[in-house]
Amino acid sequence: MPSRPPLSVTLAAAAGLLFLHLPLAFIFLYALTTEEKSYQFPPPGFTLKWFAVAWDRPDIWQALGLSLRVASVATALAIVLGTLAAAAMARYRFFGREAVSLLITLPIALPGIVTGIALRAALNLADIPFSFWTIVIGHATFCIVVVYNNAVARLRRTQGSLIEASMDLGADGFQTFRHVVLPQLGTALLAGGMLAFALSFDEVIVTTFTAGQQQTLPIWMFSELIRPRQRPVTNVVAVMVIAVTLIPILAAYYLTRDGEAVEGASK
Amino acid sequence: MSLAAPGAPTRDGPLRRLSDLFMRRPRLFLALLLTPPLLWLGVAYLGSLAALLAQSFFSIDEFSGLIVREFTLKTYGELLQPANFDIIVRTVVMAALVTLFGGVIAFPIAYFAARYARGRVKALFYLLIMLPLWSSYLVRVYAWKLILAKEGVITYIADHTGTRGLLDAWLSLPVVGGPSLSISYTGTFLVFLYLWLPFMILPIQASLERVPRSLIEAAGDLGADARKTFSTVIFPLALPGIVAGSIFTFALTLGDYITPQIVGSSTLFLGQAVYTQQGVAGNIPLAAAFSVVPIVIMGIYLTVAKRMGAFDAL
């Protein structure tokens, strides 16, 4: 067992990681450029004025507001539904358990566009008009699994003997849940909730099918990318989106890092 | 129903009684737990998938543009028209290339993280691989539009390293070339590769972590050099991880319609075909039929992957 990696492996790994992270630096760089018509490199000059311009744009505020509201409601729904599913799956063996597990993971296992077009087809068949709630339904559906993954991983590591001890000492099911299960589950739910929030805040593929004319922040950005107006303003918004999604992701990581609870591979 | 058994501690209040009921009837409690999430997923998700499937068997009236709600296979027949079939082939080839190159780039990172990184370095590696996975998808595509633009950083680097000729030669090639990198298949390919790389790294790393040290030492003791150990012991054991990763890269490429729209030539990919058919064209049946294609392809892919043991590596 060699303790030192071969140079070629180190270089390939470093180059791969660089490829994974360097591109985002350009978003920051271009948010400060004075050139607004093209993506000229290197930027001819630097300015902070685009942050002020973005601040004064009502359409951005509206889109941001809608995104935050959708993400909050979708996350709340996902936490409730995901926790219930996790409690059932972690503690019980029953007929059809595999099928339930498949059903929970399906919304992220299938390509996002399938979920999107399926919801669109259902809305069309049932003659349901687009609204705030149609966006929320789509988001909550794929956010459930994120909460579920985190909660189920934590519940599996929680010792059943603790619950039995609590019951033996006279606590009823609700007291046990309140004083024994919830404190252990808390950070996992918080982490799952934050990841779900980040996922929903950033989602565009399913949203385009369920939003109609409404603009969430990613949809606003998408339309700016197709038909650019003030390119640096888009960059300012992009920087903001990075910040809003990065903070909950990092927080979720620190909340669950002592276990394998953050199910990164299954987004 | 009387709940207080003789000799049992007194249980008062409706909550306590409810709690006792759940203790005696775990199945009832299980049903209560499972009903809300199953109801949600069953109605909102499975219901929608059923609606999608149903729509794909409808057709559109060519004169009125209205959807005819009668069973027909006509819409699926349209998929075989050359223009539509080209879209499917183009997307599958792109997905295969992205998967192949993704595996090549991901392996060294996963290998380093699994075998050499320890403690803090390992945590850092994990974070560096996971962060892009969760951070904004759209922003990450956008970053490449900046980089690949004709006046952007790649052209700048090519100009200053004397490789401009090489870049222009590549862009003048048929199929992979175009007016600039951001308007070519090469650009689309690079962005897909970048976007899905973490999905490839994580399962490979997981499978490499599970290769027992003793096996590698045994191979060495039996006279295998590093290369031979790698090709006969490590790589075969990592294969399920690679297949698992390829499920993600393949599926994600098949369904993406945003990336080729922002970075790429004007020809359509599968996801874009679905998007245009349901949106501008208003032809939901054809969009539905198009979206059944990735489901079928992934169904076949998953069946093969399962045989290769990829699910144990997830």
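In this predicted model, Asp159(B) is partly exposed, with a relative accessible area of 43%, and the side chain of Asp159(B) meets that of Arg164(B) in a salt bridge with an N to O distance of 3.1 Å. Arg164(B) is likewise partly exposed, its relative accessible area being 29%. Through salt bridges that share partners, Asp159(B), Arg164(B) and Asp168(B) are joined into one network.

Over all chains, the count of salt bridges comes to 5, and the table sets out several of them.

| Pair | Closest N to O distance |
|---|---|
| Asp159(B) and Arg164(B) | 3.1 Å |
| Lys122(B) and Glu209(B) | 3.1 Å |
| Arg57(A) and Asp59(A) | 3.1 Å |
| Arg16(B) and Asp172(A) | 3.3 Å |

The salt bridge of Lys122(B) with Glu209(B) connects two helices of chain B: Lys122(B) lies in helix 5 (residues 119-134) and Glu209(B) in helix 9 (residues 185-209), so the pair ties together parts that are 87 residues apart in sequence. Lys122(B) counts as partly exposed at 24% relative accessibility, and Glu209(B) also counts as partly exposed, at 36%. In chain A, Arg57(A), which forms a salt bridge with Asp59(A), is buried, because its relative accessible area of 13% falls under the 20% cut-off.

Turning to the place where the chains meet, 90 residues of chain B are in contact with 92 residues of chain A. Between them the two chains bury about 8,600 Å², of which 79% is on carbon and sulfur atoms. On the side of chain B, Trp40(B), Tyr45(B) and Trp134(B) lose the most area to chain A, and together they account for 11% of what that side buries.

The count of salt bridges between chain B and chain A is 1, and Arg16(B) forms a salt bridge with Asp172(A). Polar contacts between the two chains, with both residues at pLDDT 80 or more, amount to 16 residue pairs. Helix 2 of chain B, which spans residues 26-56, gives the most to the side that touches chain A, contributing 19 residues. By residue type, that side of chain B divides into 69 nonpolar, 11 polar and 10 charged residues.

Finally, an unreviewed UniProt entry carries the annotation "domain: ABC transmembrane type-1" for residues 88-305 of chain B. Over those residues the chain is 79% helix and 0% strand, and the C-alpha atoms at the two ends are 21 Å apart.

Conventions: Residues numbered from 1 in each chain as written. Chains lettered and ligands numbered in written order. Predicted model: local features only at pLDDT ≥ 70, side-chain atom pairs only at ≥ 80, totals over all residues. Heavy atoms only, no water. Contact = heavy atoms within 4.5 Å. Buried area = accessible area lost by both parts, 1.4 Å probe. Salt bridge = Lys/Arg side-chain N within 4 Å of Asp/Glu carboxyl O. Polar contact = N/O pair within 3.5 Å; in protein donor to acceptor, adjacent residues only side chain to side chain. Helix = DSSP H or I, 4+ residues; strand = E, 2+ residues; numbered from the N terminus. Nonpolar A, V, L, I, M, F, W, Y, C, P; charged D, E, K, R; others polar. UniProt positions renumbered as here; feature names shortened; annotations may be inferred. Buried < 20%, exposed > 50% of the residue type's maximum accessible area, 1.4 Å probe, protein only.
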